[in-house]
Amino acid sequence: MNKVRVRYFASIREAVGHGSEDVTTSAETLGALRDELIARGGAHARSMARGKAVRVALDQVMSDESQPLRDGCEVAFFPPVTGG
Amino acid sequence: MAPRVSIQTGDFDVAQEIAALRAGDQRVGAVCAFVGTVRDRNDGAAVSSMELEHYPGMTEKAIEAMIDEAHRRFDVYAARVVHRVGLLQPLDQIVLVAVTSAHRGESFQACEFLIDYLKTQAPFWKKEETPQGARWVDARVSDDTALARWGIEGGNG
């Protein structure tokens, strides 16, 4: 099991009701962690559902869901970015 | 060494930023600057204000990496990015990208590269206040297309 810090931004942060939480997980990849969060149901399922545009960062670097999780890492889920 | 990236709630002074960027550098023959501002309309609705959120830490790192990449691709001397966050209103400045080089071509290109890159890869999100209520701005496919011109897969829209 890995302990990771999960962070949410923008519409996903609003939907789940907080900006970060510590999660203990058996997920081995970022994608598996997303599925685990979706499986909670409720706001997580609605805001992070498969088919929705959700981007993911690992330790503050834009990443993809195939990347492996490491103990103590920071994973962020957010919608497509709209700065500039 | 002056910072290359600033994320701030306050406004910026373009003339001051450009003066600082090229100060003492006699090699510079061209400065190109892009300023993004808040429009009063977006996607068919009136916009009275917008709130800009970002991912502190990642934002700075991501833009620093973009500037490194601009230096690898283009023969430029210095680059500066200032991006505001928090509550903004129509007419307000949002973002400054400024680049110096010996000749105009390189700074024009690097400036456009940086803003294209920033729009699809830097973790900022805009929420607009409209007569129908607040709404998160949707990413544009055209922004990914703009980035693709530089041979980079955006995957944002």
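Tutor: Welcome! Helices here are DSSP runs of H or I with at least four residues, and strands are runs of E with at least two. In this predicted model, chain B has 4 helices and 10 strands by that count.

Student: What makes up chain B, going from the N terminus on?

Tutor: The order of its elements is β-α-β-β-β-β-α-β-β-β-α-β-β-α.

Student: Why is chain B called as compact as a globular protein of its length?

Tutor: Set the value against the rule: the globule rule gives 15 Å for 157 residues, and the radius of gyration of chain B is 16 Å, which is close, so the description fits. Along the principal axes, the C-alpha trace of chain B spans about 50 × 35 × 30 Å.

Student: What share of chain B is called buried?

Tutor: A residue earns that word when 20 or more other C-beta atoms lie within 10 Å of its own. In chain B, 38% of the 157 residues are buried.

Student: How do you know that the buried residues of α2(A) are on the same side?

Tutor: Those residues are Leu30(A), Leu33(A), Arg34(A) and Leu37(A). They cover an arc of only 105° around the axis, and therefore sit on the same side of α2(A). Their packing partners in chain A are β2, α3, β3, β4 and β5.

Student: What makes up the contact between chains A and B?

Tutor: Contact here needs C-beta atoms within 7 Å. There are 14 residues of chain A in contact with 23 residues of chain B. On the chain A side, α1 and β5 each give two or more residues. That side divides into 9 nonpolar, 5 polar and no charged residues.

Notes: Residues numbered from 1 in each chain as written. Chains lettered and ligands numbered in written order. Predicted model: local features only at pLDDT ≥ 70, side-chain atom pairs only at ≥ 80, totals over all residues. Contact = placed C-beta atoms within 7 Å. Nonpolar A, V, L, I, M, F, W, Y, C, P; charged D, E, K, R; others polar. Rg over C-alpha atoms; globule rule 2.2 N^0.38 Å. Buried ≥ 20, exposed ≤ 12 C-beta atoms within 10 Å, placed from the backbone. Arc of directions from axis to C-beta.
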